[in-house]
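Student: Could we go through this structure together, one question at a time? I would like to see how each answer is reached.

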Amino acid sequence: MCSNERRQGPFRYTGRKKDRVSSLGYTGKKTNHYEDTGHTILPSKAWGNGGNMETRAVLWNPSVRHTPYSGRRKSREEEHVEDQIHITVWRDEKAQKREVEQFTEDGTLESWFKVTIPCGRKCDKTQLMNSVHSLCSVPFTPVDFHCDKYRIQFFVQDSSIAYALKDVSYKISSEDFEKIPIFVNPSVAPYSVQNRFTREQMEQLKLAMKKRYDISQHALCLKKLRFDPDLMNHNIDMILNRRSCMTATLQIIQEDFPKLLSLNLSSNKLFQLDSLFDVVKKAPKLKILNLSKNMLRTAWELEKIRGLKLEQLWLEGNPLCSTFPDHSSYVSAILEYFPQLSCLDGRKLPLSTGMDIEEPQLMKPRKAIFKGSEAIKNQVQQFLQDYYLIYDSEERQGLLSIYHEQACFSLTIPFNPSGPDLSSMCGYFKDERDVKNPKEFHIQRQLLKYTKEDIVGYLRTLPKTLHVFNSFQVDICFQMEKTLCFSVSGLFKEVEGSSQECIRAFMRIFIAVFESSSNLCIVNDQLFVRNPSPDEIQGAFAISSPTSCSSFKLVLSQEQQRMVQAFSTQSGMKLEWSQKCLDDNKWDYTRAAEVFTMLQTKSKIPKEFFKQMT
Amino acid sequence: MASVDFKTYVDQACRAAEEFVNVYYTTMDNRRRLLSRLYMGTATLVWNGNAVSGQESLSEFFEMLPSSEFQINVVDCQPVHDEATPSQTTVLVVICGTVKFEGNKQRDFNQNFILTAQASPSNTVWKIASDCFRFQDWAS
């Protein structure tokens with residue numbers, strides 16, 4: 001009894017001391033928590049002090065030291081049996097020898113086995129491990145789990161488990177219907193067991209982690225844990241890329257933070273994620289994971305934690321990010337591991353829609369994709385703006401300077417048996433001789449125009465248009481040193497003739513060469529024109545107001561076209577809104593500019609009126 | 001003179017396009033695993049705005065796509081000007097049709113290819129230098 005009391009004294013004293021120190025860094029909520037704790041400890045204060053004094057006395061009196069030490073050693077042995085934690089205290093030679101004997105004895109009594117499963121690269125490792133667990137007749141906990149593309153390795157303690165695992169060999173089939181063997185061999189204790197932390201160190205780690213835990217957010221920040229001042233002061237090397245350190249950390253998470261929602265592991269020099277394989281079971285509610293600024297080299301490391309249902313993930317600052325040619329392929333690759341991800345590296349990903357639910361396997365569309373330099377992107381956008389400004393004007397003769405001498409152009413009207421009535425598109429059918437004889441496979445040969453004079457002459461015979469710029473989707477298809485191929489699809493309105501007010505859909509492909517550093521010269525031009533679906537029309541005009549639609553009725557003069565372009569350039573507004581502003585002010589440029597400036601000063605112009613800066 | 005040469009190029013392009021379209025969509029529908037062989041090593045696919053580059057990525061992408069049934073309505077083609085692709089016979093092929101991917105509804109699509117001729121002892125082999133696919137009615 002007396003011995004028992006003496007053992008407990010120092011622990012209580014240490015705990016209380018730590019709480020006081022910790023309170024300095026607590027938020028208001030945590031301060032309240034501390035007060036509650038303090039209240040429960042307060043009645044024992046006097047007794048605790050007594051314990052502390054006794055400890056000091058022991059340290060000061062060498063003759064008394066030996067006897068109490070012997071007693072404490074016995075206590076620790078009991079703890080060892082109970083907690084299965086090795087206690088290493090090299091205070092004297094006798095004790096050291098006894099510890100060695102203890103370890104050897106322990107090793108003999110509970111032998112270790114190394115389990116290897118060569119499963120091949122296509123195998124889903126998480127699923128395979130679940131199968132092994134379900135088929136194994138003895139429950140087991142894998143220690144120091146490791147996997148790469150070709151195999152799984154882990155350790156188990158206890159020969160009964162080893163025999164049970166051997167029985168599972170060749171009883172699990174891969175997706176290719178090949179039976180998978182399981183090899184079990186005697187082994188030394190695994191790394192993390194040989195480097196296991198003492199009870200005192202675990203207690204210290206727990207305290208440090210509690211200081212880093214935000215109760216309201218269920219968020220644990222273990223960023224740069226190696227340099228935690230409390231841990232460093234106690235000479236604890238908590239280096240999370242070491243197996244034993246991560247194992248200890250996950251154990252505390254499982255025991256003390258079961259509701260963990262967010263885990264920050266950034267800046268810990270993690271180079272692989274084998275030690276996080278258990279995190280699915282130890283932190284089942286985890287939704288947010290920060291692995292930024294580590295040393296993960298390939299995205300495949302995420303295979304080891306794909307059992308998590310992550311909603312937010314940070315990976316920036318890892319070497320793996322630079323293995324992707326562009327951001328969209330990076331996003332696509334990460335979404336393969338975490339399909340429910342809504343935020344990657346702090347950027348929101350496109351939200352799921354009903355369409356995606358219907359079609360989960362098809363890749364999400366992107367508005368535009370630009371590879372290479374920003375200059376190319378700007379050049380294409382400027383080109384399209386200039387081109388369609390001329391194309392939509394009274395005269396299309398200005399296009400002559402844009403085409404190469406020997407350029408060629410073709411127009412195609414796709415025939416779709418299930419499509420809407422095509423009679424209204426007669427404006428484009430002048431040369432369509434085969435339209436009345438539809439074929440499943442039909443090649444246009446007659447509509448090829450050759451030389452720029454013939455092309456522009458032909459374009460001038462097509463119906464007058466007003467293109468809806470915000471409906472444009474642009475793809476850069478092909479790019480070489482002096483050559484660029486890009487496509488643009490979208491909608492336009494016909495503004496004259498019997499089809500006035502009709503909306504058309506078009507797809508245009510340009511192949512251009514760089515005439516000088518800034519000029520694009522068209523050598524190939526291909527145009528598809530068709531009737532759009534109601535959804536397309538609704539989508540394109542959703543942003544515009546009914547008032548804006550009225551502007552499409554106008555037929556602008558060449559001078560007005562130039563004014564719209566200039567106004568758009570100076571104000572930064574989209575072409576259609578620039579046009580509306582000028583029209584509202586009766587094409588008085590100066591007055592329109594004054595009105596715009598006044599409205600902008602009052603912040604009365606919505607953001608969507610302006611061009612996209614991306 | 002120039003016009004006569006141009007017509008010859010057009011005829012060549014049309015024959016190449018006709019043959020290519022048959023091979024491509026048959027392979028896409030029925031022999032999907034061989035599809036990436038039709039692409040040059042440096043080819044880029046832009047699929048509804050998503051860029052895929054390199055043989056391995058293309059193979060993985062096509063493997064991931066659900067099985068398909070393509071129907072071609074219209075094909076248009078043009079010879080690409082020498083100035084754009086010096087010393088490399090090149091053809092632009094543009095396709096419009098409908099496609100049904102397994103588990104998805106039928107959709108209209110546009111697709112365009114840039115094909116380049118590869119020298120071969122027996123005959124001319126056309127390879128895909130670029131591929132750009134978009135559904136007509138699937139906005140971003």
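Student: Which helix of chain B gives the most to the negative patch?
Tutor: This is a predicted model, in which local features need pLDDT of at least 70, side-chain atom pairs count only at pLDDT 80 or more, and totals for chains, interfaces and linings use all residues. Residues are numbered from 1 along each chain as its sequence is written, chains are lettered from A and ligands numbered from 1 in the order in which they are written, and side-chain values use heavy atoms, leaving out hydrogens and water. The patch on the surface gathers A:Glu336, B:Glu56, B:Glu60 and B:Glu63, where a patch takes residues with over 30% relative accessible area and no salt bridge (a side-chain nitrogen of Lys or Arg within 4 Å of a carboxyl oxygen of Asp or Glu), like charges being joined within 9 Å. With three residues, the one that gives the most is helix H2 (residues 55–64) of chain B, a helix being a DSSP run (H or I) of at least four residues.

Student: Is B:Glu56 buried or exposed?
Tutor: B:Glu56 has its place in helix H2 of chain B. Buried means under 20% relative accessible area, exposed over 50%, and partly exposed in between, using a 1.4 Å probe and protein chains only. Because its relative accessibility is 60%, B:Glu56 counts as exposed.

Student: Which strands stand at the edges of the open sheet in chain A?
Tutor: Six strands (DSSP runs of E, at least two residues) form this open sheet with mixed pairing, in the order E15-E14-E19-E18-E17-E16. Each edge strand has a single partner strand, so one side of each is left without a neighbour in the sheet, and these are strand E15 (449–450) and strand E16 (465–479) of chain A.

Student: Which residue of E19(A) is the bridge partner of A:Phe409?
Tutor: Two strands pair if DSSP finds at least two bridges between them. Strand E14 (residues 403–412) of chain A is joined to E15(A) by two bridges in the antiparallel sense, and there A:Phe409 stands opposite A:Lys449. E14(A) also pairs with strand E19 (residues 520–530) of chain A, in the parallel sense over six bridges. In E19(A), the bridge partner of A:Phe409 is A:Asp525.

Notes. Patch = residues over 30% accessible without salt bridge, like charges linked within 9 Å, V, L, I, M, F, W, Y side chains within 5 Å. Areas by Shrake-Rupley, 256 points an atom, 1.4 Å probe, with all protein chains shown as cover. Lys, Arg positive; Asp, Glu negative; His and termini not counted. Charge placed at Lys NZ, Arg CZ, Asp CG, Glu CD.
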